[in-house]
Amino acid sequence: MKKKIVIALGGNALLQRGEVLSAENQQRSIKVFARMVAALGSDYQLVIVHGNGPQVGLLALQNAAYTDSPAWPLDILVAESQGMIGSAIAQELTQYAGSVPVSTLMTRVEVDANDPAFSLPGKYIGPVYQPEQQAALEARYGWTMKADGKYIRRVVPSPLPLKIVDHQAIAALMAAGHVVICCGGGGIPVIAEGAGYQGTEAVIDKDLTAAVLAQSIHADHLLILTDADAVYENWGTPQARPLRHVTLQELAPFAAPDGAMGPKAAAVIQFVQQTGNTAFIGALKDAPQILAGEKGTCITG
């Protein structure tokens, strides 16, 4: 029986910082991802979660540009990004997956209506801007902006994922042998309401959702692919060095809520603590070498 692996693909790995947010640029990255991931299919049952930070921010900008109707809420834009990115990954991956079926599943993820994140926006979405543009952007759109390296970027509420609402559908597709693309953009954020659910204005962190998903399906590994090739000690300084093998205790200082490496570190810590299995963080182009222990960062208990 194949081992089960959840692969979390960052939205910034699909559309690089400062790059034109075009379908062509995204598809170029998806081609690289599809080739890399298909090579893992002989050894692993694949479940793929993708981010949507640049993409959902672009959808929000396009949404706001048409002023003759009210702007659509973030949960609907997250659903749009699930279909947009998920279908592109599925089409590309099908070319390399042989006879293995590939399915994209629209996925809801439950959050708590009282999560403090709703009053403290911290999730980056959309393109980066120059710091001198902050006042004008906040005045024009009513956004909350936050520093992202040498740039600024829009931030929105990012409540913690509690439960994968559509986990039974994921399990059914896996049992049928599908490569499953699900929980895109961290999942469509919903709040339990009576016998059903109601969408809410938020974007859930996809790495934290991937950890919840990986636990729920009893995955053997969680692999987070991003635009950094590893977790770095002293990042941004001349003393920066990649960390190849770390324990939970060694990784803990990196799990700060900074919107960058913090959620990734928190996600793998959660997964390894709860399952005792191994997690990995590294660059999209290095996926096979990361799992072989040759690149990226390997996290164990």
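This text walks through two sheets and the helices packed on or beside them. The model is a predicted one.

Start with the eight-stranded sheet. It is open, and its strands follow the order S3-S9-S2-S1-S12-S16-S17-S15. The pairing in this sheet is mixed. Strands of a sheet pair through backbone hydrogen bonds, either parallel or antiparallel. Two strands stand at the edges of the eight-stranded sheet: S3, residues 102–104, and S15, residues 245–247. Each of these edge strands pairs on one side only. From one strand to the next, the twist of this sheet averages 20°.

Look next at the S3 end. Strand S3 is joined to strand S9, residues 179–181, by three bridges. S3 and S9 run parallel. One residue pair to find here is Val102 with its bridge partner in S9, Val179. Helix H6, residues 167–175, packs on this sheet. H6 touches S3 and S9, and also strand S1 (3–9) and strand S2 (44–50). The direction of H6 makes about 155° with that of S9.

Now move to the other sheet. This one is open too, with three strands in the order S5-S7-S6. Its pairing is antiparallel. Strand S5 (123–129) and S6 are the edge strands, and each has a single partner strand, so one side of each is left without a neighbour in the sheet. The twist here averages 40° from one strand to the next.

Take the pairs of this sheet in turn. Strand S6, residues 144–148, and strand S7, residues 151–156, pair in the antiparallel sense over five bridges. Within that pairing, Ala147 has Ile152 of S7 as its bridge partner. S6 and S7 also form a hairpin, with two residues between them. Gly149 sits in the turn and has a positive phi of about 65°. On to S5: four bridges join it to S7, and these two strands run antiparallel. Here Ile125 has Arg154 in S7 as its bridge partner. A helix belongs to this picture as well. Helix H5, residues 134–141, lies across S5, S6 and S7. H5 runs at about 150° to S6.

That leaves the packing of helices on one another. Helix H4, residues 74–94, packs with helix H2, residues 23–38. The angle between H2 and H4 is about 50°, and their axes are 9 Å apart. That angle makes H2 oblique to H4. H2 passes H4 in a right-handed crossing. From H2, the contact takes in Gln26, Gln27, Ile30, Lys31, Phe33, Ala34, Val37 and Ala38. From H4 come Ile85, Ala88, Ile89, Glu92 and Leu93. By class, the residues of this contact are nine nonpolar, two polar and two charged.

Helix H4 also packs with helix H3, residues 53–65. H3 and H4 make an angle of about 120°, with their axes 9 Å apart. H3 and H4 are therefore oblique to each other. H3 passes H4 in a right-handed crossing. Gln55, Val56, Leu59, Ala60 and Asn63 of H3 meet Leu77, Val78, Glu80, Ser81, Met84 and Ile85 of H4. The contact of H3 with H4 has seven nonpolar, three polar and one charged residues. Find Ile85 on H4 to link the two contacts: this residue takes part in the contact with H2 and in the contact with H3.

Notes:
Residues are numbered from 1 along each chain as its sequence is written. This is a predicted model: local features need pLDDT of at least 70, side-chain atom pairs count only at pLDDT 80 or more; totals for chains, interfaces and linings use all residues. Side-chain values use heavy atoms; hydrogens and water are left out. Axes are lines fitted to C-alpha atoms, for helices over the stretch in contact, and angles run from 0 to 180 degrees between N-to-C directions. Angles under 35 degrees count as roughly parallel, over 145 as roughly antiparallel, 65 to 115 as roughly perpendicular and the rest as oblique. A crossing is left-handed if the near helix is turned anticlockwise from the far one by less than a right angle, and right-handed if clockwise. Contact means heavy atoms within 4.5 Å. Ala, Val, Leu, Ile, Met, Phe, Trp, Tyr, Cys and Pro count as nonpolar, Asp, Glu, Lys and Arg as charged, and the others, Gly among them, as polar. Two strands pair if DSSP finds at least two bridges between them.
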